[in-house]
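Hi,

Here is the structure I promised to pass on. Have a look at it first, and then read my notes below.

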Amino acid sequence: PDGRVKPLVTVAELIGSAEEQLSDAEKARRERTRTATRGVVDIGVSDDGATVMVPLGGVFLLVTPSSGNRTVLNPRAPPYDLQLSPDGRTIAIRSNRRNPAYFDIYRRDLVTGESRPLLEQNGINSAGRFSPDGRQLLVTRSYGPDHNQLFVVDVATGEVSALTAES
């Protein structure tokens, strides 16, 4: 409210003085997307600003700006393309824990801590944005350089609806 910029968290607080350890897949992803190769490269913020998500070094940190509370969550596999739901209660995570050749989408409930597959289908699935009500998630799937498709996934049921034909 006073207009001053105040850091929520620093990289040193997240991973200490150690160098960030990136998997080969994450290094390649960052190179393809021309993303910075070190430090915080993405954040998620709930619609009300009450929750800020910062992925770094294979874990992600949830920060409550009003209190400064911080919670470190370990997704049990390298997390990619994390998406925070508008209400700040759910995270969609792209991970290859099922099979290193494919990326699936997992849903993590931040209130209960429950993590479950949301979409397990061969291909490179990437979590897009949640719908404004948080009930659906936009997902892109790549089967190769010239084969892509867009889907909507119902977060509660996992029902998948294709929005586009495979290109």
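Val 40 sits in the loop that links α2 (24–32) to β1. Keep in mind that this is a predicted model. Is Val 40 buried, exposed or something in between? Its relative accessibility is 38%, so Val 40 goes down as partly exposed, given that the partly exposed class lies between the 20% and 50% cut-offs. Val 40 also belongs to a nonpolar surface patch with Ile 43 and Val 45, and together the three have about 240 Å² of accessible area.

Next, the sheet that β1 belongs to. It is an open one made of four strands, in the order β1-β2-β3-β4, with antiparallel pairing. Its edges are β1 (44–45) and β4 (69–73), each of which pairs on one side only. Five bridges hold β4 against β3 (residues 59–64), again in the antiparallel sense. If you want a pair to click on there, Leu 62 has Thr 71 in β4 as its bridge partner.

Then there is β6, residues 90–95. How many of its residues are buried? Six of the six are, so the strand is mostly covered, with buried meaning under 20% relative accessible area. In a regular strand, side chains alternate between the two faces of the sheet. In β6 both faces are covered: one side has Thr 90, Ala 92 and Arg 94, the other has Ile 91, Ile 93 and Ser 95, and all are buried. Yes, that includes Arg 94.

β6 runs antiparallel to β7 (residues 104–109), and six bridges join the two. Thr 90 is matched with Asp 109 in β7. From there, β7 pairs with β8 (residues 115–119), antiparallel too, over four bridges. Arg 108 has Ser 115 in β8 as its bridge partner. The β7 and β8 hairpin has five residues between its strands, and one to check on your Ramachandran plot is Gly 113, with a positive phi near 85°.

Last one: Gly 88, in the loop between β5 (80–84) and β6. Gly 88 has a relative accessible area of 11%, which means it counts as buried. What does Gly 88 touch, leaving out residues up to four places away in sequence? Ser 46, Thr 51 and Leu 110. Gly 88 also brings us back to β1: Gly 44 is 44 residues away in sequence, yet the C-alpha to C-alpha distance is 9.0 Å.

Shout if anything looks odd on your side.

Cheers

Terms used: Residues are numbered from 1 along each chain as its sequence is written. This is a predicted model: local features need pLDDT of at least 70, side-chain atom pairs count only at pLDDT 80 or more; totals for chains, interfaces and linings use all residues. Side-chain values use heavy atoms; hydrogens and water are left out. Buried means under 20% relative accessible area, exposed over 50%, partly exposed in between (1.4 Å probe, protein chains only). Two strands pair if DSSP finds at least two bridges between them. Patches are made of residues with over 30% relative accessible area and no salt bridge: like charges are joined within 9 Å, nonpolar side chains (Val, Leu, Ile, Met, Phe, Trp, Tyr) within 5 Å. Accessible areas come from the Shrake-Rupley method with a 1.4 Å probe; for residues, only the protein chains shown count as cover. A salt bridge is a side-chain nitrogen of Lys or Arg within 4 Å of a carboxyl oxygen of Asp or Glu. Contact means heavy atoms within 4.5 Å.
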